[in-house]
Structure formats: structure tokens, C-alpha cells
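Colleague: I'd like a close look at one small part of this chain, and then how that part sits in the rest. Could you walk me through it?

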Amino acid sequence: MAVRSAAEVADLIQAITELGYNLHTFLTGTMVTDLDALETQIAVGDLVPENAQITGAMNSFIAAVGRAWDAWKQIPVAAAPALGRLGSSPNLGDFSLNVDYFAKYLVDNSIEIEKRGYTKDTASTVSGSGTGVLSVGSTDLNGDIIDYGHVEDFVLRCAKDYADGAVAGAEEFDVVGTSSRKYPWDEGGSGDSGSYNYAFGRVTTDFSVNQPRSASGSRIKSIGASTAAGNLVTNGDFESAISGSGASKLPNWTINTGDSTLTQETTDPINGTYSLACADDFEMDHFLSQGRLKPGTFASIAIKVERKSSATGTLTVKVMDNDEGTTHGTLTVDISTLTNDTPVVKALAAPFIVPLTAEDLKVQVELASLATGTIKIDDVMVGPATLVNGYVLALFDGTTQDASGYAQGRYKKGDSFTIQTTSAEGGLIQKYFGNIALGRYFRSATSATADWSDPS
């Protein structure tokens with residue numbers, strides 16, 4: 001018997017998906033309508049002994065139907081060797097490897113299935129007393145949407161702050177998913193069935209095995225100014241004081257241009273004991289230690305800055321290869337848009353990918369076209385982003401201090417970010433075969449590649 005062609009594998013996936021879709025449509029439609037009608041009739045009239053018996057029998061029936069739904073989900077699992085054979089999996093007995101090599105096959109051959117139809121948040125503002133920021137992304141290392149997740153609002157809520165013993169700037173946040181599942185065939189929210197948390201990293205087209213992941217019910221930490229708070233930039237908080245002059249006067253940094261324009265701010269620093277005062281353009285580099293940012297993972301950037309005397313100009317923070325051949329992430333701050341004498345934290349809107357081809361890396365801070373004033377900078381922060389339920393997220397501390405040196409804007413217990421996901425619920429192969437049955441996603445687009453469309 002001949003091995004299935006790509007078109008025949010697509011036909012198999014379509015047939016399995018259609019069976020699951022039709023079953024699920026019945027379960028979430030007619031079945032729910034009929035169960036609601038039965039519940040109404042059970043509650044009619046007086047409370048009599050047989051009502052409990054009818055309810056018990058109905059619940060047994062619901063459980064049995066739920067098992068039928070679970071049994072359908074095993075059909076895509078059973079088809080995994082067919083996927084792996086098409087993708088040249090080295091071990092057809094390994095379920096995940098089969099699925100991963102199939103996903104790689106789709107990417108390598110520019111094959112796309114129909115998107116599920118998600119609309120994902122691109123920003124989330126903190127609720128509470130903290131002034132930190134959240135860097136939010138929903139595309140993978142190939143630039144494609146991370147096409148899985150739950151249709152819900154999930155929350156990052158501060159559960160351990162400085163007063164409870166957390167490292168300042170590295171406050172701990174619970175990942176709290178929505179609970180909305182009534183029947184066993186409901187996909188529900190991540191509070192019911194857990195976040196999508198597939199173990200990527202076995203093929204080069206996926207997230208690296210080093211990509212930090214989290215899920216509902218677990219915790220992630222914010223990234224603060226110090227290395228103890230998760231900052232990958234040594235002396236990113238400038239608390240190792242300036243010594244001497246020239247290109248090496250700031251410990252752990254190399255000042256390429258403008259070294260004489262950088263001075264130490266001790267009278268009114270943004271945070272901690274020292275900030276940098278900048279009277280003119282400059283450029284400086286910090287060389288990241290080996291392995292600080294891992295290829296195939298996401299990371300993000302933040303910095304604290306204060307505008308003085310109506311200054312104008314552009315401040316940039318970049319993560320790039322040491323030879324400056326490729327820049328992987330750039331944070332740009334237009335100084336003219338800031339409020340005078342008000343320090344703020346600025347971060348990338350979305351994390352950036354550190355590609356598998358990345359060389360040794362450095363962080364570069366540059367001020368250009370400064371005019372009519374000065375600025376202060378502090379807390380250059382770079383840290384890994386975490387994959388959570390279809391998003392890559394990096395939380396940054398926003399702590400500054402007043403003229404008396406008292407901290408303000410630090411995250412406190414109960415502070416939260418809410419991230420909303422909605423879906424048009426198209427993309428049947430993605431939803432049923434990929435997300436619900438296999439627990440991962442495949443490369444997708446608005447329109448599927450020929451032969452790979454959804455069942456009609």
C-alpha cells in the first residue's frame with residue numbers, strides 16, 4: 001500500500017475534523033437546548049423523590065456523552081503517525097515528534113491552514129497602584145499568529161509584593177484564567193482546563209525548548225532594575241558608580257561617543273542612589289554574558305527616563321549582535337512627548353524574537369538630536385518573555401522615587417493586568433484538530449493553502 005500523499009493527509013485531517021465539528025455543533029446546540037428543557041421540567045411542581053433520581057440519571061448521561069467527545073479527540077491522536085510520516089519524523093512511535101515534524105513540514109513548504117479567528121490584546125494597562133508596564137505579543141518566531149488560546153479574559157494579579165518578601169521589582173503575579181465550563185465538551189477557559197502549554201522545542205521552526213512557559217494557576221515575576229530582580233543587564237540600574245573618565249568610566253558599559261556628557265545624578269535620581277544625567281548625544285554598549293538571552297526565545301526591553309527643561313531628541317535601546325550586523329529589538333522614545341520632571345518607564349509594546357541565528361549579543365543605549373535641555377535615564381532592563389496561553393508576556397517594574405527618596409509606583413498585592421481574547425471561531429482544522437485535540441497550533445492564514453482548506 002502506498003504511503004499517503006500530502007493531499008491525502010489533508011483529506012484525512014479534513015474528515016476527522018468534520019466528524020468532530022459536527023459532533024461538537026450538536027453537543028453545544030441541540031444537546032444543550034434539550035438538556036436545558038429537561039432541567040426545567042425536573043424543577044416543575046413539588047420537590048418529589050424521583051426528581052433527584054432523574055437528575056442523577058441525566059448527569060450520568062451527560063458524563064457518557066462527554067466520554068464520547070473525549071473518544072473523538074483520540075482520533076487525531078491516533079492519526080499522528082500519518083502526520084509524522086509526511087513530515088519525515090525520525091520516530092513514528094513518538095506522538096509529539098510526529099506532530100512537531102508535521103508542523104515543521106507546513107512551515108517549510110509554506111502551507112497554511114485557516115486561522116481560527118482570534119482577536120488578541122495588544123496592550124494591557126495595570127489596575128492598581130503600580131506604574132509598571134506589560135509588553136504583550138501574539139506572534140511566533142516565524143511572524144505567524146500564535147493561533148491557540150482560550151476565548152476569555154485572563155488576569156495577571158500581583159500575589160507577592162515587596163512587603164511580603166519579594167525582591168523589589170520582581171514582584172510575583174498569579175496567572176488567573178476564566179472558569180466558564182458547564183459541560184465536558186465545552187472548551188471553557190484556562191481556569192477550567194488549563195492554559196495551552198504545549199512542550200515546544202523539538203524542531204527548529206518552533207519555539208525553543210528554552211522558551212519560558214507558564215499556565216493558569218502558576219506565577220510569573222516582573223523584571224526589575226537589578227540582576228536580583230531578573231534584569232539581564234549588569235549595572236543596568238547604574239548603582240555601580242562612575243569612576244574616572246573616558247569610555248570605561250561607567251562599570252559594565254563601554255561609552256562609544258559622548259562620554260564627557262554623561263554624569264552621575266545623585267541629588268534627584270529616578271530610582272536608587274544613582275541615575276545618569278545626559279547633557280548631549282551619546283552612545284554606549286553593554287555586552288551580554290554568554291547565554292543570557294537564548295536563541296529561539298522572546299525577550300523585551302524597558303528603560304526609565306525623565307525629561308528636563310523641555311528637552312527634545314530620540315532615545316533608543318537596542319538588543320543587537322555584537323558586530324551590529326543585525327538588530328533584534330529596538331525601543332524608541334521620543335523625548336518631546338514626555339512630561340517635564342516626571343520620570344516614566346517605557347517598554348517595547350511587544351517582545352522581540354532572538355533568532356536561532358543570533359550571534360553574541362549586546363545592549364546599546366543611544367541619545368540622538370538632544371536639544372534645549374537634558375534628560376535623566378535609569379534602569380535599562382532586558383529580560384525574557386514568557387509564553388502564556390497564546391501570548392508572549394514580559395512584565396516590567398515602574399518604581400521611581402520622590403525627592404525624599406521614597407519609592408513610588410511599585411507593584412503591590414492586588415495590582416493586575418487583564419488580557420482579553422475573542423474569536424470569530426473560524427478555522428475548523430485549527431480549532432478542533434490542532435487546538436482541542438492535539439493541544440497546539442499550526443501555521444495559519446486568513447485563507448488556507450490549496451488542498452488544506454477546512455471541511456465544507
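Why is Pro-251 classed as partly exposed, rather than as buried or exposed?

Modeller: Sure, and keep in mind that this is a predicted model. Pro-251 has a relative accessible area of 26%. Buried would need under 20% and exposed over 50%, so Pro-251 ends up as partly exposed.

Now for where to find it. Pro-251 is in the loop that links strand 7 (219-221) to strand 8 (254-257). If you skip the neighbours within four places in sequence, Pro-251 is in contact with Asn-235, Ser-240, Ala-241 and Ile-242. Here's a distance to try in your viewer: from the C-alpha of Pro-251 to that of Asn-340 is 29 Å, and the two residues are 89 apart along the chain.

Further along the chain there's strand 10 (residues 275-278), worth a look for its pattern. Ser-275 and Ala-277 point one way, Leu-276 and Cys-278 point the other way, and all of them are buried. That fits the general rule that side chains in a regular strand alternate between the two faces of the sheet. Strand 10 runs antiparallel to strand 9 (residues 262-265), with four bridges joining them, and Leu-276 is the bridge partner of Gln-264. Strand 10 also pairs with strand 18 (residues 374-384), again in the antiparallel sense, over three bridges. In that pairing, Lys-376 of strand 18 stands opposite Ala-277.

Zooming out, the chain has six helices and 24 strands. Of its 456 residues, 49% count as buried. Among contacts with a separation of 6 or more, 75% are between residues 24 or more positions apart.

As for the inside, the largest nonpolar core has 53 residues, and Ile-13, Phe-102, Trp-185, Phe-207, Phe-433, Phe-442 and Trp-452 have the most contacts inside it. Several elements supply at least two residues each, including helix 2 (49-78), helix 4 (95-108), strand 12 (297-308) and helix 6 (428-438). Helix 1 gives the largest share, nine residues. Another core lies apart from this one; it has 38 residues, among them Leu-232, Val-317, Leu-367 and Ile-375. In soluble globular proteins, nonpolar side chains do tend to be buried together.

If you want one residue to click on there, take Phe-207. Leaving out residues up to four places away in sequence, Phe-207 touches, among others, Leu-141, Ile-146, Phe-200, Phe-298, Val-392 and Tyr-441.

Key: Residues are numbered from 1 along each chain as its sequence is written. This is a predicted model: local features need pLDDT of at least 70, side-chain atom pairs count only at pLDDT 80 or more; totals for chains, interfaces and linings use all residues. Side-chain values use heavy atoms; hydrogens and water are left out. Buried means under 20% relative accessible area, exposed over 50%, partly exposed in between (1.4 Å probe, protein chains only). Contact means heavy atoms within 4.5 Å. A nonpolar core is a set of buried Ala, Val, Leu, Ile, Met, Phe, Trp, Tyr and Cys residues joined through side-chain atoms within 4.5 Å. Two strands pair if DSSP finds at least two bridges between them.
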